[in-house]
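Dear colleague,

I am passing a structure on to you, and below it you will find my notes on what turned up when I went through it. Please read them with the structure open beside you.

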Amino acid sequence: MFFLFSKIAGYFLSPLFWILLLLVLGFIFRKRRNGKWIFLASLILFYLFSNRFLVDEALRSWEYPLQADSHLNSTYDAAIVLGGNVVNFDRPTHRFIFRENADKVLQAIALYKNGKVRYLMLSGGPGDLFIRDQYEAASMRNYLLSIGIPDSVILVDSLSDNTFENAQNSACMLNRQIPGGNHLLITTALHMRRAEGCFKKAGLTVTPYVTNKITGKRRWDAGHLLVPQAAGFIHWNALIHERVGYRVYKIKGYL
């Protein structure tokens, strides 16, 4: 039930939904005095949410800091790689299709190849309200096998639909396979706060390893400050989802 609620709520938390709602209301009340103000509000919101400078500043307040590999210990028992837009397998072409968060699995491969981790714990189920037959962790495992990573070092959880389940299922497997282990937690900079809290609540010792950091050096050029960009909506949507998700998880006792 919680999974269903979270997915439905996600649609209503989208800035594009808010703007669409204002446009519909503006059309309904177009012949009334307030109609033009509703349309104006939708235009203002469109500009603000499409402004990359504003969303970058908001992201800086939430993204987990990126650290150099020099802060890592010599070795960790496992790298826990969380799914979510990493890779899928295209059955008609028999090819792996990498998504925007493929950095997670690429960093995990490098850590394993460099001897930083002994095992790779892949956690990610369908995670979609409608598509229930695509198991992302299984796709990640198949990709790792295809490039020569031994099956003996890969642990797979393909049942998790959300971060809470990622933590619970991974903790169960790792505590059985590597009791008392010390692990790296690999997920995006935007998602790390919620993920780290869930894994610590599950009783695992984890060191955050951030990927997919969105913000970089502050830019002051006119294009970044003033020109609307579609990416702004994507990043606002992700940020709102994470901040609200963190609060909900806190209330639920998942953190």
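How much area does the protein chain expose, and what share of it do carbon and sulfur atoms supply? The exposed area comes to about 13,700 Å², and carbon and sulfur atoms supply 60% of it. Please keep in mind throughout that this is a predicted model.

Overall build

The protein chain holds 10 helices and 7 strands, and its C-alpha trace spans about 70 × 45 × 40 Å along the principal axes. Of the 255 residues in the protein chain, 44% are buried. If one takes the contacts in the protein chain that have a separation of 6 or more, 71% of them are between residues 24 or more positions apart.

Two buried positions

Two residues may help you to find your way around, and the first I would look up is S123, which is found in strand β4 (residues 117-123). S123 has a relative accessibility of 0% and therefore counts as buried. Leaving out residues up to four places away in sequence, S123 touches V81, L82, G83, A137, D157, S160, N166 and S170. By contrast, S70 is 53 residues from S123 in sequence, and the C-alpha atoms of the two are 26 Å apart in space.

The other position is A171, which belongs to helix α7 (residues 163-177) and, at 5% relative accessibility, counts as buried. Once the neighbours within four places in sequence are set aside, A171 is in contact with A202 and L204. W18 lies 153 residues from A171 along the chain, with 38 Å separating their C-alpha atoms.

Charges and salt bridges

The protein chain carries 30 positive and 18 negative side chains, and the centres of these two sets lie 8 Å apart. Side chains of opposite charge can pair when their charged atoms come close. A search of the whole structure finds 9 salt bridges, and I describe some of them here.

In one of them the side chains of E63 and K213 meet, with 3.8 Å from N to O. This pair links distant parts of the chain, 150 residues apart, since E63 sits in the loop between α4 (52-60) and β1 (76-82), while K213 sits in the loop between β7 (205-211) and α9 (222-226). E63 is buried, with a relative accessible area of 5%, whereas K213 is partly exposed, with a relative accessible area of 32%.

A salt bridge also joins the side chains of D77 and R118, with an N to O distance of 2.7 Å. Because D77 lies in strand β1 and R118 in strand β4, the pair ties together parts that are 41 residues apart in sequence. D77 counts as buried at 16% relative accessibility, while R118 is partly exposed, its relative accessible area being 45%.

R141 forms a salt bridge with D151, and here the closest N and O atoms are 3.3 Å apart. R141 is in helix α6 (residues 136-146) and D151 in the loop between α6 and β5 (154-157), 10 residues apart. Both partners are partly exposed, R141 with a relative accessible area of 26% and D151 with one of 39%. Elsewhere, E57, R60 and R218 are linked in a network of salt bridges.

The positive patch

Which residues gather in a patch of positive charge on the surface? They are R193, K201, R243, R247 and K250. Two helices, α8 (192-201) and α10 (231-252), each supply at least two residues of the positive patch, and α10 gives the most to it, with 3 residues. R247 has its place in helix α10. Why does R247 count as exposed? Its relative accessible area is 51%, and the word exposed applies to residues over 50%.

If you would like a place to begin, I suggest looking up the surroundings of S123 in strand β4, and then turning to the positive patch, to which α10 gives the most residues.

With best regards

Terms used. Residues numbered from 1 in each chain as written. Predicted model: local features only at pLDDT ≥ 70, side-chain atom pairs only at ≥ 80, totals over all residues. Heavy atoms only, no water. Patch = residues over 30% accessible without salt bridge, like charges linked within 9 Å, V, L, I, M, F, W, Y side chains within 5 Å. Areas by Shrake-Rupley, 256 points an atom, 1.4 Å probe, with all protein chains shown as cover. Salt bridge = Lys/Arg side-chain N within 4 Å of Asp/Glu carboxyl O. Lys, Arg positive; Asp, Glu negative; His and termini not counted. Charge placed at Lys NZ, Arg CZ, Asp CG, Glu CD. Helix = DSSP H or I, 4+ residues; strand = E, 2+ residues; numbered from the N terminus. Buried < 20%, exposed > 50% of the residue type's maximum accessible area, 1.4 Å probe, protein only. Contact = heavy atoms within 4.5 Å.
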